[in-house]
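Here are some short exercises to work through with the structure open beside you. Try each task before reading its solution.

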Amino acid sequence: MASCVTCGLFPAPLETIQQMATRLNSIDDTLRNLTSILLPLANSWDSSSKGSSATLKAPRTSFEWSLSSEDSSTAELPAQLWERIFLQLNARQLSNVRQACRSWKRIVDGNPALVGKFEVRFPENLVMDREFQPQRLLPVCGATLKRARIVSVETWWTSFGANLRWLKLGECKVSLATLVGMLGGTPNLEVLELLQVECSGICNRVENFRLAKLEQLTIEGLEGGVGLLNVFGQVCTGLKEVRLRVELTEVQSERRVIRFLQSVRNTLEGVEVFATAKILYELTALKKIRLKRAAFIGFWIDEKDLMEFSRKQATLEELEIPEVVTTVETLNEIGTNLPSLKRLAVKIDSEDAVLPTFLANMPHLTYLAISGVYATHQLLNLTAHGSANLTELKLSNVRVTCCSLQRFCAASANVRVLELKCCAFESWSEIFAAVAPCRKLERLQLDRIRVNRSDDFLVAYFDSLRYLELSDCQLSKELLAALFALCPQLEEVYLWRMANFDRDVMLRMCQKLKRLKQLTFNDCLFGDDFADCIVNQCQQLEELNVLFCDKLSNRSEALLRTARNIRLRLK
């Protein structure tokens with residue numbers, strides 16, 4: 001039986017039902033605030049229905065909400081108004097709506113735009129054969145099958161597949177003929193992902209159908225996946241994005257990839273591929289192809305070939321070569337060849353400190369990822385550089401010269417995402433002083449950062465920060481407590497192997513982060529006192545993930561499950 005995770009349509013284990021019942025006692029913040037806008041809307045319904053097209057926005061504040069069939073303020077609202085309100089919600093919120101009362105369930109199920117926000121996730125390890133006949137499937141827009149053995153596709157798939165706009169198969173086993181039969185029943189498919197799928201058999205010609213609406217195709221680690229390209233080359237007439245994450249081990253596979261790219265070149269805008277010198281040469285030589293995005297996996301590309309490719313594809317806006325070792329000189333020329341470049345991911349190796357002078361030739365850059373060859377080895381000096389349009393900066397395996405990141409961020413005031421991975425700095429104060437000028441920073445990720453000094457202090461608020469990730473960073477308890485106190489708008493915190501995160505830090509975090517909605521502990525110590533803090537102090541928390549954590553006792557687990565407002569995931 002298929003399981004629709006976001007809708008809750010099918011029978012579920014008792015534990016799942018209990019968790020669902022617990023969650024339903026507290027509707028999402030958006031839903032809790034609906035009554036504050038319903039009466040004004042109801043009063044103005046007559047006038048708005050005469051021609052007004054006012055757009056309703058999901059409310060942001062919350063209050064205690066209880067649902068009653070006798071509530072006249074909700075019963076008298078027209079169904080059209082409820083539909084307009086529900087259209088502002090995401091799939092998870094709509095799931096709560098469907099389960100709140102029969103009236104709302106009918107409204108959601110009867111509106112294709114609302115149902116289209118759901119997806120069906122079939123149970124793992126199922127066998128899809130002639131006896132598999134799922135019932136009551138909503139006409140959803142997306143479906144996921146994981147670790148399934150697909151033997152045959154029956155008549156139910158025809159009506160179900162006709163509504164699908166995206167389909168994801170992960171670690172499934174299926175014959176090529178059966179897979180072609182499945183895809184033949186999905187004429188409106190726009191996105192297809194085949195991840196680690198074992199596909200056997202052959203299928204040389206396909207004449208019965210076309211995937212005319214398919215724009216994005218991803219094939220990753222697929223056994224026999226390169227052979228599938230012959231099929232997709234025939235049926236895909238409007239493909240715009242191709243991601244072939246399949247390592248090429250044979251010359252024949254290389255040729256099939258080249259033939260496939262030739263067959264879709266007229267509509268292709270983006271390509272990600274394990275690039276060999278031959279593939280890059282043929283891609284450069286292709287006529288009638290105007291790429292906007294290119295990502296090359298692997299390190300078999302020569303810098304000269306890369307520069308020639310950039311000369312021929314001057315329309316490129318995104319270039320990712322994270323495993324190809326390049327020099328600043330090469331990047332300077334690529335910047336000159338690609339005047340519209342907005343996204344760049346590179347690996348740099350130099351005996352001297354790298355000065356990213358190539359940024360002067362890339363004025364439109366919004367995303368920049370720089371990696372060194374060895375962990376904390378490559379010296380990077382950002383002092384005299386910056387990028388006014390940059391919104392995302394990611395640095396990995398580099399040793400940043402003193403205060404240069406701070407000067408770079410001061411000259412890049414629009415940065416919203418900063419990710420530092422396996423980097424070395426003089427001190428934690430240097431990092432947070434660099435972050436301070438980024439008044440628009442929303443996401444900060446610090447992963448395995450090493451510092452030379454530990455005498456650190458914080459003196460600035462990070463008012464725009466919404467997401468904080470700390471992974472295996474040796475911050476002191478005092479610094480952790482101070483950091484949470486200076487991030488009052490945080491909504492999501494992710495912690496991995498944070499040894500100094502103890503009860504006092506936990507209590508400080510719960511007291512200061514009044515907007516915290518999602519909290520994740522991964523491979524951390526998690527004692528009973530943590531559970532007490534969360535239940536008693538984090539009243540606004542919506543989701544808690546405790547993954548691979550020691551010291552999680554039965555008492556803590558039982559206590560956490562009593563928190564009616566928290567969705568709990570333990571692993």
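Please keep in mind that this is a predicted model.

**Exercise 1. Cysteines and disulfides**

Task: Find out how many disulfides the whole structure holds, and work out why C473 and C524 do or do not take part in one.

Solution:
- Step 1. Recall what we are looking for: a disulfide is a covalent bond between the sulfur atoms of two cysteines. The cut-off needed here is a sulfur pair within 2.5 Å.
- Step 2. Take C473, and look for the closest cysteine sulfur. That sulfur belongs to C422 and lies 9.6 Å away, so it is too far for a bond.
- Step 3. Repeat this for C524. Its closest cysteine sulfur is in C549, at 5.3 Å, which is again too far for a bond.
- Step 4. Check the surroundings of both residues. C473 is buried, with a relative accessible area of 2%, and C524 is buried too, at 8%.
- Step 5. Widen the search to the whole structure, and the count of disulfides is zero.

**Exercise 2. A four-stranded sheet**

Task: Give the strand order of the open sheet that contains β4, name its edge strands, and say which helix packs on it.

Solution:
- Step 1. Follow the pairing from strand to strand. The four strands come in the order β2-β4-β6-β8, with parallel pairing, and the sheet is open.
- Step 2. Look for strands that pair on one side only. These edge strands are β2, residues 127-128, and β8, residues 198-200.
- Step 3. Now add the helix. α11, spanning residues 176-184, packs on the sheet and touches β4, β6 (173-175) and β8. The direction of α11 makes about 90° with that of β6.
- Step 4. Zoom in on the β2 edge. Two bridges join β2 to β4 (residues 149-150), and these strands run parallel. M128 has I150 of β4 as its bridge partner.
- Step 5. Finish at the other edge, with E198 in β8. E198 counts as partly exposed, at 39% relative accessibility. Its C-alpha atom is 4.8 Å from that of K173, although the two residues are 25 apart along the chain.

**Exercise 3. The neighbours of β21**

Task: Decide whether β21 is mostly covered or mostly uncovered, and describe how β21 pairs with β19 and with β23.

Solution:
- Step 1. Go through β21, residues 443-447, one residue at a time. Four of its five residues are buried, so the strand is mostly covered.
- Step 2. Pair β21 with β19 (residues 417-421): five bridges link them in the parallel sense. Here E419 stands opposite Q445 of β21.
- Step 3. Turn to β23 (residues 467-471), which also pairs with β21 in the parallel sense over five bridges. In this pairing, L444 stands opposite L468 of β23.

**Exercise 4. Positive phi outside glycine**

Task: For K288 and C403, give the approximate phi, then place each residue in its loop.

Solution:
- Step 1. Read phi for K288: the value is near 60°, positive in a residue other than glycine.
- Step 2. Locate K288 in the loop between α14 (277-285) and β12 (293-297). With 64% relative accessibility, K288 counts as exposed.
- Step 3. Do likewise for C403, where phi is near 70°, a positive value in a residue other than glycine.
- Step 4. Place C403 in the loop between β18 (398-400) and α17 (404-410). C403 is partly exposed, with a relative accessible area of 28%.

Terms used
Residues are numbered from 1 along each chain as its sequence is written. This is a predicted model: local features need pLDDT of at least 70, side-chain atom pairs count only at pLDDT 80 or more; totals for chains, interfaces and linings use all residues. Side-chain values use heavy atoms; hydrogens and water are left out. Buried means under 20% relative accessible area, exposed over 50%, partly exposed in between (1.4 Å probe, protein chains only). Two strands pair if DSSP finds at least two bridges between them. Contact means heavy atoms within 4.5 Å. Axes are lines fitted to C-alpha atoms, for helices over the stretch in contact, and angles run from 0 to 180 degrees between N-to-C directions.
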